[in-house]
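Dear colleague,

Please find below the structure that I agreed to pass on to you. I would be grateful if you could read the notes beneath it with the model open.

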Amino acid sequence: MTAIAGYSPSNFISRLRIEYAKKMLENGDMPIGSIAEECGYYDIAYFSRTFKKITKVSPSQYRRLHS
């Protein structure tokens with residue numbers, strides 16, 4: 001998997017989840033906690049840290065920049 005995608009399997013899955021979260025943040029006003037749960041994150045703090053690690057901005061900043 002790492003040779004094909006360039007990421008470990010868990011990192012690849014995290015990136016897919018965050019891509020889905022980004023689409024949800026752009027296309028609606030669903031609360032960030034609900035988006036986190038929809039993407040499989042049941043700890044909003046962990047979701048926010050992971051989102052920021054991948055996108056370099058927090059989920060709320062991303063929503064402001066892309067709405």
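The notes that follow deal with one helix, a group of aromatic residues and one loop residue. Please bear in mind throughout that this is a predicted model.

**Helix H2**

Helix H2 comprises 18 residues, residues 9-26. At 1.5 Å a residue it should span 26 Å, and its end C-alpha atoms are indeed 26 Å apart, so the expected and computed lengths agree. The buried residues of this helix are Ser14, Ile18, Ala21, Lys22, Met24 and Leu25. Because they cover an arc of only 160° around the axis, they are on the same side of H2. What covers these buried residues includes helix H3 (32-38), H4 and H5.

**The aromatic residues**

A pair of aromatic rings is described by the distance of the centres and the angle of the planes. The count in this model comes to 4 aromatic pairs. One of them is formed by Phe47 and Phe51, whose rings are tilted, with 5.8 Å from centre to centre and 50° between the planes. Both residues belong to helix H4, where they are 4 residues apart, about one turn of the helix. An α-helix has 3.6 residues a turn, so residues three or four places apart point the same way. As for accessibility, Phe47 has a relative value of 0% and therefore counts as buried, the cut-off being under 20%. Phe51 is likewise buried, with a relative accessible area of 0%.

Phe51 also pairs with Tyr62, in this case edge-to-face, at 5.6 Å centre to centre and with 75° between the planes. This pair links distant parts of the chain, since Phe51 is in helix H4 and Tyr62 is in helix H5, 11 residues apart. Tyr62 is buried, as is Phe51.

Taken together, Tyr41, Tyr46, Phe47, Phe51 and Tyr62 make up one aromatic cluster. One member of this cluster, Tyr41, has Arg17 lying over its face, at 5.1 Å from the ring centre.

**Lys56**

Which residue has a positive phi although it is not a glycine? Lys56 does, with a phi of about 75°. Lys56 is placed in the loop between helix H4 (44-55) and helix H5 (59-66). With a relative accessible area of 64%, Lys56 is over the 50% cut-off and therefore exposed.

With kind regards

Technical notes: Residues are numbered from 1 along each chain as its sequence is written. This is a predicted model: local features need pLDDT of at least 70, side-chain atom pairs count only at pLDDT 80 or more; totals for chains, interfaces and linings use all residues. Side-chain values use heavy atoms; hydrogens and water are left out. Helices (H or I, at least four residues) and strands (E, at least two) are DSSP runs, numbered from the N terminus. Buried means under 20% relative accessible area, exposed over 50%, partly exposed in between (1.4 Å probe, protein chains only). Rings of Phe, Tyr and Trp (its six-membered ring) pair if their centres lie within 6.5 Å; planes under 30 degrees apart count as stacked, over 60 as edge-to-face and the rest as tilted. A charge sits over a ring if NZ of Lys or CZ of Arg is within 6 Å of the ring centre and within 35 degrees of the ring normal. The expected span of a helix is 1.5 Å times one less than its number of residues. The arc is that of the directions from the helix axis to the C-beta atoms. Contact means heavy atoms within 4.5 Å.
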